[in-house]
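Please open the model in your viewer and keep the selection panel at hand, since this tour moves from one selection to the next.

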Amino acid sequence: MEKRIELEKRGRKPAEITEFVLDNCRSTNIVGLTDEFVALESLSLINVGLTSLKGFPKLPNLKKLELSDNRISNGLNLLHASPKLTHLNLSGNRIKDLDTLQPLKEFKNLKSLDLFNNEATNMDNYREKVFSLIPSLRYLDGYDIDEREVESEDDDEVNGNEDGDANDDDSEEVTDEEDEEEEGVNLDAVYKDFEDESDEEDYVVDGEEEEDDFEYDDDEDEEGEQQQQQQQEESSPARGKKRKHEDGVESGN
């Protein structure tokens, strides 16, 4: 875990880090995560192999804690140094009874708790008991006290992101503007290509018409030359002498 922590720091000072993801780093207890991370608001330790929370540091600004898919069976009292905690995911652990959850009643800001796939969920009146134990709790395993599923506008709050709606609106607005700009550019390109094709077709048609006219003029010139040549042959002296000679022979006969 210590090596993973150093890697995730990425050269930052612990007091500058507000979000830390240490999923799948494999450790049975907390090692290397110290009280220096005073600005930390979100911490994820999913599928690490934790059997307890021994060594959990004082994180006064922590709001969201992901501990799903570990082997934690007790020791939730070690989270007491994070009083601002609003979201706690303990799904897929080994919590067996309500007594193990007793330390959570001290968290006045805890709004969402996930205990899915824990043995404790099989106890009689499980939901009523947990809601009664933690008065601030609004959602248990993704459902409120009336067993209504979390609505979309509450998803960010359940996931520990109270400002999520505003961020989503800003993102959608920026995306819409980008889409409009891209659409405008594409339409301009289409119109330009259409005009270019139209100009090219006009040019080709004009060229073809000129070529046809030119061929037609050549045919007329050739026919005129043939007629002129024939007239010259008929009016030439040699042709006249030949005709007179022929006339004389016919008269002698």
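Is Asn93 buried or exposed? The coordinates belong to a predicted model, and in it Asn93 counts as buried, because its relative accessibility is 6% and the cut-off for that class is under 20%. Select Asn93 and you will find yourself in the loop that runs between β4 (87–89) and β5 (112–114).

Next, display the polar contacts of this side chain: one reaches the backbone oxygen of Leu67 at 2.9 Å, and another reaches the backbone nitrogen of Arg71 at 3.3 Å. If you then expand the selection to the residues that Asn93 touches, leaving aside those up to four places away in sequence, you will pick up Leu67, Ser68, Asp69, Asn70, Arg71 and Ile72, together with Asn117 and Asn118.

Now turn to the largest nonpolar core, which has 41 residues and in which Leu43, Leu88 and Leu113 have the most contacts. Helix α2 (residues 126–133) supplies the largest share of this core, namely four residues. Centre the view on Leu113, whose contacts beyond four places in sequence include Leu88, Leu90 and Leu104, as well as Val130, Ile134 and Tyr139.

Finally, select Ala81, in the loop between β3 (64–66) and β4. Ala81 is buried because its relative accessible area is 19%, the limit being under 20%. Not counting residues up to four places away in sequence, Ala81 touches Lys58, Leu59 and Pro60; a C-alpha to C-alpha distance drawn from Ala81 to Asn61 should read 9.4 Å, for a pair 20 residues apart in sequence.

Definitions and conventions:
Residues are numbered from 1 along each chain as its sequence is written. This is a predicted model: local features need pLDDT of at least 70, side-chain atom pairs count only at pLDDT 80 or more; totals for chains, interfaces and linings use all residues. Side-chain values use heavy atoms; hydrogens and water are left out. Helices (H or I, at least four residues) and strands (E, at least two) are DSSP runs, numbered from the N terminus. Buried means under 20% relative accessible area, exposed over 50%, partly exposed in between (1.4 Å probe, protein chains only). A polar contact is a pair of N or O atoms within 3.5 Å; within protein, one must be able to donate a hydrogen and the other to accept it, and residues adjacent in sequence count only if both atoms are side-chain atoms. Contact means heavy atoms within 4.5 Å. A nonpolar core is a set of buried Ala, Val, Leu, Ile, Met, Phe, Trp, Tyr and Cys residues joined through side-chain atoms within 4.5 Å.
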